[in-house]
Amino acid sequence: MADNISVKDIIKPENLVHKRSSVMTDNIMHYCPGCGHGTTHQILAEVIEEMGIQQETIGITPVGCSVLMYNYLDIDMQEAAHGRAPALATAIKRLLPEKYVFTYQGDGDLAAIGTAETIHSCNRGENILIIFINNGIYGMTGGQMAPTTLEGMKSSTTPYGRDVKLMGNPLKITDIVATLPGTYYVTRQSVHKPGNVRKTKKAIRKAFEYQKHNKGTCFIEVVSNCPSGWKMTPVESNKWMEENMFPFYPLGDFKVPEE
Amino acid sequence: MAKLKGSIVFDIEKCKGCGVCVTACPTEVIAMASEVNSKGYNYAEAVNMDACTGCTNCAVVCPDGVITVYRVKI
């Protein structure tokens with residue numbers, strides 16, 4: 001008898017196991033279909049909801065695709081000049097030390113124009129969380145080469161692939177900040193598969209817990225896709241990312257505090 | 001043995017038809033619809049709801065948070 005339970009009987013509030021976080025607003029996100037930004041927004045909102053810190057969280061939005069992030073998360077947010085999000089986060093955290101402060105930046109923002117701010121904030125050990133979305137390209141402006149673009153990877157400014165003799169080597173900024181004494185927790189994750197999304201969510205949760213205890217800078221890199229910039233379908237881009245991005249940007253923890 | 005049975009609901013107007021949920025589903029419940037929503041995307045729909053176990057993989061991986069999951073133990 002139990003096997004023929006109808007869909008109507010299952011769809012009841014008491015059986016709910018997953019829904020869009022209440023910290024997300026009802027606005028439709030402007031991101032391209034399949035973009036990792038959306039998934040990262042969802043898990044960030046879920047962590048904020050689960051920890052009950054919606055009123056105490058201040059986010060800093062970057063310049064890039066996620067510039068309009070303040071339309072999607074129902075928390076206090078501040079827009080920073082290009083690359084200056086860690087500097088602004090430093091100021092906000094020092095003035096309001098009881099708040100949870102995070103920055104959300106792409107690779108064009110954090111690893112290019114904002115390299116100095118990133119490295120110095122991490123070196124000072126500012127008590128903030130930096131979320132770094134790395135898709136190896138400048139997504140918003142039309143897919144130009146970023147410092148994180150892989151060797152041989154095609155972009156609109158490197159139509160024959162990135163030539164390291166001419167354009168230099170891809171920058172592994174997460175490896176660099178992991179060597180600085182100010183950082184407390186440094187990890188690289190992705191959001192293309194359910195398991196990876198759950199791991200990234202745990203990492204964000206951990207980082208907020210560390211911030212609560214004033215441990216130092218937490219840095220989470222999320223290797224993401226850019227279906228439009230890479231000129232692929234979302235599913236193809238996830239596969240391409242696994243085959244090409246992960247060998248160069250291996251997932252895992254770089255710096256884990258000894259408990 | 002206790003069996004899990006799930007059901008998923010899509011907010012089709014927010015769906016952008018990326019198809020990531022289709023590859024994330026272990027029991028092949030989801031497929032892309034041939035109809036489009038008001039933005040012109042072929043939205044995702046459940047074609048084989050009987051096989052759904054309510055594992056939440058599709059909802060977790062959805063970039064636009066359009067999937068709501070319900071689950072019962074029978």
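Select strand β1 (residues 16-18) of chain A together with β4 (67-73) of chain B: two bridges join these strands, which run antiparallel. The model is a predicted one. Within this pairing, pick His18(A) and look across to β4(B), where Val69(B) stands opposite.

**The interface between the chains**

Now widen the selection to every residue of one chain that touches the other. On the chain B side there are 34 residues, in contact with 36 residues of chain A. The size of an interface is often given as the accessible area lost when the parts come together. Here the area buried between chain B and chain A is about 2,700 Å². Carbon and sulfur atoms give 66% of that area.

Colour the elements of chain B next. β1 (4-10), α1 (20-24), α2 (57-61) and β4 (67-73) each supply at least two residues of the side that touches chain A. Which of the elements of chain B gives the most to that side? It is β4(B), with six residues. Coloured by class, the side of chain B that touches chain A shows 17 nonpolar, nine polar and eight charged residues.

Then turn to the polar atoms across the interface. The rule finds 10 residue pairs in polar contact, with both residues at pLDDT 80 or more. For salt bridges between chain B and chain A, the count is zero.

**Strand β1 of chain B**

Keep β4(B) selected and add β1(B). Seven bridges join the two strands, and they run antiparallel. To find one point in this pairing, select Leu4(B), which stands opposite Lys73(B) in β4(B). Is β1(B) largely enclosed or largely open? Five of its seven residues are buried, so β1(B) is largely enclosed by the rest of the structure.

**Thr148 of chain A**

Leave chain B and select Thr148(A), in the loop between β5 (129-134) and α6 (164-167) of chain A. Its relative accessibility is 0%, and because buried means under 20%, Thr148(A) counts as buried.

Show the side chains around this residue. Which side chains make polar contacts with that of Thr148(A)? One belongs to Asp107(A), with a polar contact of 2.6 Å. Another belongs to Asn134(A), where the polar contact is 3.4 Å.

To complete the view, add other residues that Thr148(A) touches, leaving aside those up to four places away in sequence. Among them are Ala111(A), Phe132(A), Gly136(A), Ile137(A) and Arg162(A). Pro170(A), Leu171(A) and Tyr249(A) also touch Thr148(A).

Terms used. Residues numbered from 1 in each chain as written. Chains lettered and ligands numbered in written order. Predicted model: local features only at pLDDT ≥ 70, side-chain atom pairs only at ≥ 80, totals over all residues. Heavy atoms only, no water. Contact = heavy atoms within 4.5 Å. Buried area = accessible area lost by both parts, 1.4 Å probe. Salt bridge = Lys/Arg side-chain N within 4 Å of Asp/Glu carboxyl O. Polar contact = N/O pair within 3.5 Å; in protein donor to acceptor, adjacent residues only side chain to side chain. Helix = DSSP H or I, 4+ residues; strand = E, 2+ residues; numbered from the N terminus. Nonpolar A, V, L, I, M, F, W, Y, C, P; charged D, E, K, R; others polar. Pairing = 2+ DSSP bridges. Buried < 20%, exposed > 50% of the residue type's maximum accessible area, 1.4 Å probe, protein only.
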